[in-house]
Amino acid sequence: MSYDPTNIFARILRGEIPCSKAHETEHALAFHDIAPQAPVHVLVIPKGSYVSSDDFHDRAGDAEIAGFWRAVGETARALGVDRNGYRLLANHGRDARQEVPHFHVHICAGADLGRMIRPPEKS
Ligand code: AMP
């Protein structure tokens, strides 16, 4: 799948639409999810153009990968969720129901998040 530069996170990176920023580094931008599924729900995205985790880990350089994952940890600490815990999640592709085709990691926290995988809803 080729990268679609009109996806919503690409537009956020270009400043065309606003976001509620949580953290920013040379390699990553973190912002609050527009439809939070936990008391704290933040997305961390690389600044480079990558469709998904598969694409990112295949094509990104070592500095981008290291910088991105360091930013994930920094974001969690900036949010103050490192003490009680948090869940990281990245959806890749159809079976994971990835909606936005720009790689992102969800940070969910702020309450007991329950079991890791729930049965799929009927659709
Ligand atoms: P995924 O299913 O992993 O692709 O998740 C995409 C996430 O992006 C969902 O949790 C959406 O609520 C979130 N989202 C979509 N549009 C925006 C936006 N403009 N600002 C913040 N979060 C968004």
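Here is a walk through this structure, starting at the ligand and then moving out to a few individual residues. Keep in mind that the model is predicted.

Let's begin with the ligand. Its surroundings consist of 16 residues, and those that come nearest are Asp33, Asn91, Glu99, His104 and His106. What kind of residues make up this shell? They divide into eight nonpolar, five polar and three charged. As for where the shell comes from, the elements that give two or more residues are helix α1 (8-13) and strand β2 (28-32). Between them, α1 has the largest share, with three residues.

Now zoom in on the ligand's oxygen atoms. Two histidines are worth a look here: His104 places a polar side-chain atom 2.8 Å from a ligand oxygen, and for His106 an N or O atom of the side chain is likewise 2.8 Å from an oxygen of the ligand. Arg97 joins in too, but through its backbone, where a polar atom is 3.3 Å from a ligand oxygen. How much of the ligand does the protein bury? Taken alone, the ligand exposes 510 Å², and 87% of that is buried by the protein. If you go looking for pockets, the space the ligand takes is the largest one.

Arg97 deserves a second stop. You'll find this residue in the loop between β4 (86-89) and β5 (105-109). Check its backbone and you'll see a positive phi of about 60°, even though Arg97 is not a glycine. Is Arg97 buried, exposed or something in between? Its relative accessibility is 44%, so it counts as partly exposed, given that this class runs between the 20% and 50% cut-offs.

From His106 you can step across to His41, which sits in strand β3 (residues 40-46). The two histidines are 65 residues apart in sequence, yet their C-alpha atoms are 6.8 Å apart in space. His41 has a relative accessible area of 4%, which means it is buried, since the limit for that label is under 20%.

Strand β2, which we met as a contributor to the ligand shell, also holds Leu29. Is Leu29 buried or exposed? With a relative accessible area of 5%, Leu29 is buried. Its C-alpha lies 6.5 Å from that of Pro46, a residue 17 positions away in sequence.

For a contrasting spot, head to Asn84, in the loop between α3 (62-79) and β4. Why does Asn84 count as exposed? Because its relative accessibility is 76%, and exposed means over 50%. Take Glu64 as a reference point: it is 20 residues from Asn84 along the chain, and the C-alpha atoms of the two are separated by 28 Å.

To tie the tour together, go back to the ligand once more: His104 and His106 approach its oxygen atoms with their side chains, Arg97 does so with its backbone, and the protein buries 87% of the area the ligand would expose alone.

Terms used
Residues are numbered from 1 along each chain as its sequence is written. This is a predicted model: local features need pLDDT of at least 70, side-chain atom pairs count only at pLDDT 80 or more; totals for chains, interfaces and linings use all residues. Side-chain values use heavy atoms; hydrogens and water are left out. A residue is near a molecule or strand if one of its heavy atoms lies within 4 Å of it. A polar contact is a pair of N or O atoms within 3.5 Å; within protein, one must be able to donate a hydrogen and the other to accept it, and residues adjacent in sequence count only if both atoms are side-chain atoms. Accessible areas come from the Shrake-Rupley method with a 1.4 Å probe; for residues, only the protein chains shown count as cover. On a 1 Å grid over the protein atoms alone, a cavity is a set of points where a 1.4 Å probe fits but cannot get out, and a pocket is an open set with protein on both sides within 12 Å along at least five of seven lines; lining residues have an atom within 4 Å of a point. A molecule sits in a cavity or pocket if more than half of its atoms lie within 2 Å of its grid points. Helices (H or I, at least four residues) and strands (E, at least two) are DSSP runs, numbered from the N terminus. Ala, Val, Leu, Ile, Met, Phe, Trp, Tyr, Cys and Pro count as nonpolar, Asp, Glu, Lys and Arg as charged, and the others, Gly among them, as polar. Buried means under 20% relative accessible area, exposed over 50%, partly exposed in between (1.4 Å probe, protein chains only).
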